[in-house]
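User: I'd like to talk through a model with you, helix packing and cysteines in particular. Can you pull it up?

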Amino acid sequence: MKYVFSVPDMSCNHCKMHIEASLKEWGKAQAWSIDVAGKRVEVESEAPAEEIISTIADAGYTAKPIQ
């Protein structure tokens, strides 16, 4: 399943690296794409959205699903 999240407090490539590291460590994302300028994170995973939100929160950022 592909999820898209708004991450309003992501502002630079350093933020992107933190989120990518968190997703990689989590291990349940098959793929992801991070758009720093658009403040969007797309994640492909079979896990529920709540787990992805929690993983991004562990990196220090707030994620909100985009419908």
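**Helix packing and cysteines**

Analyst: Here's the start: the axes of helix H1 (residues 13–26) and helix H2 (residues 49–58) come within 8 Å and cross at roughly 130°. Axes are lines fitted to C-alpha atoms, for helices over the stretch in contact, with angles from 0 to 180 degrees between N-to-C directions; helices are DSSP runs (H or I, at least four residues), numbered from the N terminus. This is a predicted model, where local features need pLDDT of at least 70, side-chain atom pairs count only at pLDDT 80 or more, and totals for chains, interfaces and linings use all residues. Residues are numbered from 1 along each chain as its sequence is written, and side-chain values use heavy atoms, leaving out hydrogens and water.

User: Is H1 oblique or parallel to H2?

Analyst: Angles under 35 degrees count as roughly parallel, over 145 as roughly antiparallel, 65 to 115 as roughly perpendicular and the rest as oblique. The axes cross at roughly 130°, so H1 is oblique to H2.

User: Which residues in H2 does H1 meet?

Analyst: Contact means heavy atoms within 4.5 Å. From H1, Ile19, Ser22, Leu23 and Trp26 take part, and they meet Glu51, Ile52, Thr55, Ile56 and Asp58.

User: Why is Cys15 in no disulfide with Cys12?

Analyst: A disulfide is a pair of cysteine sulfur atoms within 2.5 Å, and the structure holds zero of them. For Cys15, the closest cysteine sulfur is in Cys12, and that's too far for a bond because the distance is 3.6 Å.

User: Is Cys15 buried or exposed?

Analyst: Buried means under 20% relative accessible area, exposed over 50%, partly exposed in between (1.4 Å probe, protein chains only). Cys12, at 30%, is partly exposed. Cys15 has 7% relative accessibility, so it counts as buried.

Note on methods: Helix = DSSP H or I, 4+ residues; strand = E, 2+ residues; numbered from the N terminus.
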